[in-house]
Amino acid sequence: MSGGAGCRIGRRALLAAALALPAAQRPAVAQAAQDKPLRPTPDPPPRNGPALSIRERGAFGDGRSHPLSERYKNLEAARRTHPHVRSLDQECDWAALQGAVLELARSGQGGTVLVPPGHYRLDGEIVLPNLDRYDDAFNEVEIVGAGMRASLLSWPEDLGPGRFAIRAGSRQGIRDDDKGYQRSRIAHISLRGPKPGNRPGDPPPGMDGLALTSRFLLERVGVFGFRAGVDVWRDHSSLISCQLTKNHIGAYWSAGTDSFGDHLFLDTDLAGNTLASIAVSPENGIDHSSFISCHFGFSPYAILAEDGPAKRTFLSNNKFLDCAFEACGNGWIQGPMAEMYGNVLIGCSGSLLPAYRLAKRPVAGLIVVRALERNQFTGGSASFGDGTNDRAADIETAAIVAASAVGNRFDDAERLIRLGRDGFAPALAVSGTCRANRFEALDCSGEFRKVGAGGIDAGNLVQRDYDRVRRLEPDRPADGVALTSAAAGGVVPVATSGTVPVGKTRAAIRMGTVLRPGSGTPQRADPTPGPAAPVGIAATDAPPGSDSVVMELRLELR
């Protein structure tokens, strides 16, 4: 074969000829390339069902009104795309969002409704599907935005009482939640109602924000401008890093069903509402729930029990950890007809601020309830301000007001006692039973006790008078030292151990002197030896002119 240009075979022609041959006749190199195994492709990341963007379903997200009539000539044409609509006056943004929820709810596997950045205008409720509690798939539908400040759903027009921005399907007007079950997540989005504001006394709008049932999860959700930002029913819902502000009520445990409790509020801001951070209907109660690093206040009340005979315990077995009851106008926890049992407040603090006060409601106390039983205040939770930043002079009755107080522990009561010592307000005012209320202060510990006949002055040695205390009488054993003064029926902290100031009879007393009740005035300490049992030892020198001596209590020497 000659090597002339006319006989030259190109590379492309050779490759085409090789590919045209049957597989058995192809060159060995081509066959080897065909037989070489390919690198396996990785599995796609798991997803919680399909995802639908409301922009793909026709939402505008520009903050303006876009009725369906802009796109469709008649209702029949609109319903071919949005079968759930009832009028061409309805907003395109609402139709797109509700349509995406319904499509995923009917798919049999649930999914996620995506809300891209934008301002979406809605004019109806968004209803999430009911779920069968025995359905393993649950068919969950989530609503997820692009960020709390990026994706905004707004309801400029008030839908009226009993209506919600977003609700579980079982939250009907008849309030029948017996068959409803929910397991939904809403995240990275804000809801704005028809009337944002935070001035106490402003009338609220009619509609509410989010209506929860069971096992809702809200993550970084902002809710503003509704009567109640979040309406809580049933059990096991969680709110994480949410903002429920500029509503009438931040979170509302409403009437109509029992809340079975076990809710979690973590790093959630409930400050700046026109009535209360949290309100509870007399038919409902907050049980076995945890509030961790939450912010209450900048409103008349932090936690409010609504007026009316209580059918359940107002607050029961809850944990408040590192929470702030800040700048409340009328009080921190308010429920004159309600009961507060078994709660623990750890590392909490609070203050009063007149700017957030309802003018026609008094500041009876920081905590006002009918029954206060087996609660624990510890690690700063009983600081109750320092007499300055909490405007304690405005308290009309006492820091804590109750019809009965039994078995409570105040493990950091120094400032609570100081309110009475400094003349601002008594620590407790209890009209009925008052017993077994222990306290720990900086230098001493003891019990809050009701005062019997004759009253008590600060520094008096006192004795038991059945379930009360009174000034020590001759030939009676001393039971402790009153830290504040009170008339009969009042409540005083009585130190039973530690170091406390006690009234003295002698002009001067040297440190280390054994002290007994005075012979003529047994409610005061006397260094004179005598038949009376010792009550303590002088912890410092007490010079002439002072009316008391600091004594280390030794009541066990009696």
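# Working chat on salt bridges, backbone angles and a pocket

Me: What is the relative accessible area of H236?
Reply: H236 has a relative accessible area of 35% and is partly exposed. In this usage, buried means under 20% relative accessible area, exposed means over 50%, and partly exposed is in between, with a 1.4 Å probe and protein chains only.

Me: And what are we working from here?
Reply: This is a predicted model, in which local features need pLDDT of at least 70 and side-chain atom pairs count only at pLDDT 80 or more, while totals for chains, interfaces and linings use all residues. Residues are numbered from 1 along each chain as its sequence is written, and side-chain values use heavy atoms, with hydrogens and water left out.

Me: Back to H236: where is it, and what is its phi near?
Reply: H236 sits in the loop between β11 (228-232) and β12 (238-240). Strands here are DSSP runs of E with at least two residues, numbered from the N terminus. The phi of H236 is near 60°, a positive value in a residue other than glycine. Most residues other than glycine have a negative phi.

Me: Which strand holds R220, and what is its phi near?
Reply: R220 belongs to strand β10 (residues 217-224), and its phi is near 50°, again positive in a residue other than glycine. With a relative accessible area of 42%, R220 is partly exposed.

Me: Changing topic: how many salt bridges are there?
Reply: The count is 24 salt bridges, where a salt bridge is a side-chain nitrogen of Lys or Arg within 4 Å of a carboxyl oxygen of Asp or Glu. Side chains of opposite charge can pair when their charged atoms come close.

Me: What does R370 pair with, and how far apart in the chain are the two?
Reply: R370 forms a salt bridge with E339, at 2.2 Å from N to O. The pair links distant parts of the chain, as R370 lies in strand β27 (residues 367-373) and E339 in strand β24 (residues 331-341), 31 residues apart.

Me: Buried or exposed, for E339?
Reply: E339 is buried, at 17% relative accessible area, whereas R370 is partly exposed, at 37%.

Me: Which residue does R199 bridge to?
Reply: R199 bridges to D202, and the closest N and O atoms are 3.3 Å apart. R199 is exposed, with a relative accessible area of 58%.

Me: Which residues are linked in a network of salt bridges?
Reply: The network links R438, E447, R449, R464 and D479.

Me: Which side chain is in polar contact with E142?
Reply: The side chain of T112 makes a polar contact of 3.5 Å with that of E142. E142 is in strand β5 (residues 141-145) and is buried at 11% relative accessibility. A polar contact is a pair of N or O atoms within 3.5 Å; within protein, one must be able to donate a hydrogen and the other to accept it, and residues adjacent in sequence count only if both atoms are side-chain atoms.

Me: One more: how far is F410 from F377 in space?
Reply: Their C-alpha atoms are 4.8 Å apart, although F410 and F377 are 33 residues apart in sequence. F410 lies in strand β30 (residues 409-410) and is buried, at 0% relative accessibility.

Terms used. Helix = DSSP H or I, 4+ residues; strand = E, 2+ residues; numbered from the N terminus.
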